[in-house]
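Take a moment to turn the structure around on your screen before reading on. We will start at the surface and then work our way inward.

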Amino acid sequence: MNATLLAVALSLVSAAAYACAAVAQERLAARITSTGDGFLRLLGSGTWWSSVGLNASAALLHVAALKYGPLTLVQPLGALTLVAAVPLGARLAGRRVTPLEWRGTGLTLIGLGALLLTASGPAPDDTLTLTEALAVAGGTMAVIGVLSRPGARPGLRHATASGFASGVASALTQTVTVAATDRTGPLLSPQVIIVALLVAAFAVGGLFLSQTAYRGGLGAPLAVVTLANPLAAAAIGLTLLGERLQGGVGGLFLAGGGAAIAAYGVVVLTRSPRDEAVSKAPSELSSEDFLPSLPGQAEPAALHLSHR
């Protein structure tokens with residue numbers, strides 16, 4: 001199995017694990033909102049701990065995929081979490097998948113298929129230098145500061161900032177993974193240690209930004225986070241890591257069209273009855289606190305210890 005196929009396979013399994021965890025957490029959140037139980041009650045729930053384990057496993061698989069595939073390939077596949085969660089959630093809820101959900105699923109798969117044709121490439125062997133990593137971190141922090149400035153209403157600006165933070169975290173994670181497994185240098189070089197600390201900072205920052213964004217509703221902010229994440233990661237891959245789209249100018253147009261179709265499919269999926277019902281559930285403990293994020297994006301507050 002070549003590097004591209006291995007990266008795709010790892011990403012698919014990671015997305016499936018995230019989706020299973022998402023459905024389990026959503027059902028737990030619904031039960032909590034109906035009974036009025038608090039967060040501490042979750043600590044005694046085997047289902048919740050199983051979802052934490054699934055999230056941790058999915059995160060490790062995502063990191064492994066970043067070792068074998070370029071950012072332009074791995075990051076967009078994170079949208080498959082949403083695709084897999086729709087039929088699984090409908091099945092467990094005892095209902096049929098709605099035409100709107102089928103439409104969003106189909107559009108997302110078509111768009112991702114176009115991206116796969118152009119984004120495939122060899123296993124990554126280039127890493128950000130320490131100077132580049134610090135420059136990326138500084139620039140991203142400045143953008144996040146503008147988007148989430150004090151006094152700004154929670155919503156799409158915070159969602160965009162969260163997506164950028166999570167996408168940069170994934171790009172930096174790839175640098176850590178490749179550099180740490182490069183046998184030509186020390187395992188814990190200053191580059192690896194400093195970039196790993198930056199990964200942790202952006203992962204935590206993305207967590208709090210996403211939680212702030214979801215206060216204004218779930219559907220639109222979730223779509224923005226899902227789209228901003230691979231956009232930020234792909235920009236770093238294409239400009240600093242030497243990643244290239246296949247097919248020249250034609251491949252560039254195909255990738256752009258595929259990205260637009262997949263983006264629209266994600267937006268359609270976030271309008272499904274499942275998400276709308278969850279985002280409107282009345283409770284002191286909001287159900288958004290238990291909805292997991294996509295690969296590479298920050299985890300909601302109730303699960304912030306489970307991974308990045």
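## A nonpolar patch on the surface

Helix H8, residues 190-213, supplies the largest share of a nonpolar patch, with 3 residues. The patch lies on the surface and is formed by Leu134, Leu188, Ile193, Ile194 and Leu197. Together these residues have about 470 Å² of accessible area. Keep in mind as you look that this is a predicted model.

One of the patch members, Leu188, sits in the loop between H7 and H8. Is Leu188 buried or exposed? Its relative accessible area is 63%, and the cut-off for exposed is over 50%, so Leu188 counts as exposed.

## Helix H7, wrapped by its surroundings

Now follow the chain back to helix H7, which covers residues 156-180. How far apart should the ends of a helix of 25 residues be? At 1.5 Å a residue, H7 should span 36 Å, and its end C-alpha atoms are indeed 36 Å apart, so the two values agree.

H7 is also largely enclosed by the rest of the structure, because 20 of its 25 residues are buried.

## The nonpolar core

Which residues have the most contacts inside the largest nonpolar core? They are Leu172, Phe202 and Ile236, in a core of 48 residues. H7 gives the largest share of this core, 8 residues.

Look at Leu172 and its neighbours. Leaving aside residues up to four places away in sequence, Leu172 touches Leu128, Ala133, Val195, Leu198, Val199 and Phe202. Phe202 is thus both a contact of Leu172 and another of the residues with the most contacts inside the core.

## A hidden glycine

Gly237 belongs to helix H9, which runs over residues 219-240. With a relative accessible area of 0%, Gly237 is buried. Beyond residues up to four places away in sequence, Gly237 touches Leu71, Gly242 and Glu243.

Try finding Leu128 again, the residue touched by Leu172. Leu128 and Gly237 are 109 residues apart in sequence, yet their C-alpha atoms are 9.5 Å apart in space.

## One salt bridge

How many salt bridges does the structure hold? There is 1, and it joins Glu101 to Arg95, with their closest N and O atoms 3.0 Å apart.

Now compare the two partners. Glu101 counts as buried because its relative accessibility is 0%, while Arg95, at 29%, counts as partly exposed.

Terms used: Residues numbered from 1 in each chain as written. Predicted model: local features only at pLDDT ≥ 70, side-chain atom pairs only at ≥ 80, totals over all residues. Heavy atoms only, no water. Helix = DSSP H or I, 4+ residues; strand = E, 2+ residues; numbered from the N terminus. Expected span 1.5 Å × (residues − 1). Buried < 20%, exposed > 50% of the residue type's maximum accessible area, 1.4 Å probe, protein only. Core = buried A, V, L, I, M, F, W, Y, C linked by side-chain atoms within 4.5 Å. Contact = heavy atoms within 4.5 Å. Patch = residues over 30% accessible without salt bridge, like charges linked within 9 Å, V, L, I, M, F, W, Y side chains within 5 Å. Areas by Shrake-Rupley, 256 points an atom, 1.4 Å probe, with all protein chains shown as cover. Salt bridge = Lys/Arg side-chain N within 4 Å of Asp/Glu carboxyl O.
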